[in-house]
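The exercises that follow are meant to be worked through with the sequence and the 3D structure open side by side. Try each task before reading its solution.

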Amino acid sequence: MKMSLSITNVRQAGSIEWDTILKECDYATFFQSREWAEIWSIYTNRCMQPDPKMVLFSDGKKVLLPFSSQKSFKGLIKKYISSPAGTFGGWLSTDNIKIEHAVLLVKYIKKRIGNLQWRLNPYDELVFKVQIKNLKNDETHAIKLINGFDEWAKGHSSAARKARKACKAGVEIKGASSQEEWREYYEVYEESLKRWGDKASSSYPFELFNTIYNSRSPNIQLWLAFHDNKIVAGALCFYAKKHVVYWHGAALSQYFNIRPVNLLMYEIIKNAFEKNYEWYDFNPSGKHQGVKAFKISFGAEALDSPEVYTETNCTKLFTKVARVIQRVEL
């Protein structure tokens with residue numbers, strides 16, 4: 001008689017386990033890495049900390065939940081973050097898990113985790129086969145890197161033409177190699193923030209970028225566009241087994257006419273083809289239609305990447321009380 005599948009144990013996962021599974025998992029993204037969790041832990045002065053779980057099943061298979069966590073209300077409430085900054089999260093495994101495992105994982109997360117922020121990983125087909133309640137719809141845009149770069153370039157002549165225009169204008173693309181270049185890129189970002197104003201999806205201090213730089217990770221590359229030895233645009237990309245993601249970008253508006261960002265994307269995509277990655281991901285657009293149109297111009301397709309937030313009744317009560325106290329103090 002066949003035994004029913006069950007979760008037999010959940011324990012803290014070790015650093016080596018986390019790194020190994022991430023490296024070997026076909027649908028992993030950098031956002032599910034220990035490196036990304038450590039970057040945010042350092043940046044937040046350990047207010048957010050890596051808190052990975054290893055889930056063991058009765059059939060011998062195992063799954064990593066690459067979570068971080070942070071406490072609030074004087075340590076009384078613990079919130080889990082599937083991946084910091086609202087990036088792709090969810091489980092990782094190299095054991096070819098099935099729908100039965102996924103169902104048990106979702107039940108465990110709902111019952112035991114409680115407070116959770118989770119953006120579903122669009123490259124994990126299994127997670128979309130499980131019924132997950134209270135999803136907030138969202139999407140990312142990505143290019144499937146098939147048939148080689150030359151074939152892709154032929155099919156996107158507009159992108160190639162704008163890249164050539166930047167080349168003719170003297171724009172050059174290089175990888176950042178010093179802290180000074182990271183600092184200059186941040187100055188470009190500051191100019192972009194002023195231009196975006198209230199429309200900016202986020203605003204990060206230099207401390208975060210300095211933390212990323214100091215990680216010295218081989219899986220992180222800040223790409224820069226130079227014109228007359230001046231940084232005029234940049235794109236911060238993260239790399240996993242099969243996945244490249246463009247997480248952050250900025251450009252000086254006075255150079256828009258020579259298309260440095262177009263050349264940046266063109267060269268980064270070319271590099272991803274050459275290194276045999278399978279996906280180049282532009283990341284969610286934050287409902288900015290112009291940003292979405294730019295991504296589509298490179299042939300990026302929409303991939304579902306909804307978010308889910310869960311809160312315990314206790315958390316909801318604490319939050320409600322805190323808001324009342326705040327109003328009284330005002």
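**Exercise 1. A salt bridge between a strand and a loop**

Examine the side chains of R119 and D138 in this predicted model, and work out how they meet and which parts of the chain they belong to.

Solution. Begin with the charged groups: R119 and D138 form a salt bridge, with an N to O distance of 3.2 Å, which satisfies the cut-off of 4 Å. Next, locate the partners: R119 belongs to strand β7 (residues 116-119), whereas D138 is found in the loop between β8 (135-136) and β9 (139-144), so the bridge ties together parts that lie 19 residues apart in sequence. Finally, consider accessibility: R119 has a relative accessible area of 8% and is therefore buried, while D138, at 22%, counts as partly exposed, because the limit for buried is under 20%.

**Exercise 2. Two further salt bridges and a network**

Compare the surroundings of the pair K53 and D51 with those of the pair E191 and R195, and then find which residues are joined into one network by salt bridges that share partners.

Solution. In the pair of K53 and D51, the closest N and O atoms are 3.2 Å apart. K53 is buried at 10% relative accessibility, and D51 is buried as well, with a relative accessible area of 6%.

The salt bridge of E191 and R195 has an N to O distance of 2.8 Å. These two residues are four apart in helix α6 (residues 179-196), which means that about one helical turn separates E191 from R195. Both partners are partly exposed, since E191 has a relative accessible area of 24% and R195 one of 33%.

The network joined by shared partners consists of D26, K241, K242 and E278. By the rule applied here, the structure has 12 salt bridges.

**Exercise 3. Aromatic pairs between two helices**

Classify the ring pair of F149 and F273 and the ring pair of W152 and Y266, and state which helices they link.

Solution. The structure holds 32 aromatic pairs. For F149 and F273, the ring centres are 5.9 Å apart and the planes stand at 70°, so this pair is edge-to-face. The pair links distant parts of the chain, with F149 in helix α4 (residues 149-155) and F273 in helix α8 (residues 260-274), 124 residues apart. F149 counts as buried at 12% relative accessibility, and F273 is buried at 10%.

For W152 and Y266, the ring centres are again 5.9 Å apart, but the planes are at 50°, so this pair is tilted. W152 lies in helix α4 and Y266 in helix α8, 114 residues apart, and W152 and Y266 are both buried.

**Exercise 4. Charges over rings**

Which ring does the charged end of K174 sit over, and which ring face does R183 lie over?

Solution. The charged end of K174 sits over the ring of F226, at 5.3 Å from its centre. R183 lies over the face of F206, where the distance to the ring centre is 3.7 Å.

**Exercise 5. The faces of helix α1**

Which residues of helix α1 (residues 15-24) are buried, and how are they arranged around the helix axis?

Solution. The buried residues of α1 are W18, I21 and L22. Seen down the axis of α1, these residues fall within an arc of 100°, so they line one face of the helix. On the other side of α1, I16 and K23 are exposed. The elements covering the buried residues of α1 include α2 (34-43), β2 (48-50), β3 (53-57) and β4 (62-65).

**Exercise 6. F238 in the nonpolar core**

Trace the part that F238 plays in the largest nonpolar core and in a cluster of ring pairs.

Solution. The largest nonpolar core has 104 residues, of which W91, F238, W247 and Y280 touch the most other members. Leaving out residues up to four places away in sequence, the contacts of F238 include F30, F31, W36, I212 and W247. Ring pairs also link F238 into a cluster whose members include F30, F31, W36 and W247. As general background, nonpolar side chains tend to be buried together in soluble globular proteins.

Methods: Residues are numbered from 1 along each chain as its sequence is written. This is a predicted model: local features need pLDDT of at least 70, side-chain atom pairs count only at pLDDT 80 or more; totals for chains, interfaces and linings use all residues. Side-chain values use heavy atoms; hydrogens and water are left out. Rings of Phe, Tyr and Trp (its six-membered ring) pair if their centres lie within 6.5 Å; planes under 30 degrees apart count as stacked, over 60 as edge-to-face and the rest as tilted. Buried means under 20% relative accessible area, exposed over 50%, partly exposed in between (1.4 Å probe, protein chains only). A charge sits over a ring if NZ of Lys or CZ of Arg is within 6 Å of the ring centre and within 35 degrees of the ring normal. A nonpolar core is a set of buried Ala, Val, Leu, Ile, Met, Phe, Trp, Tyr and Cys residues joined through side-chain atoms within 4.5 Å. Contact means heavy atoms within 4.5 Å. The arc is that of the directions from the helix axis to the C-beta atoms.
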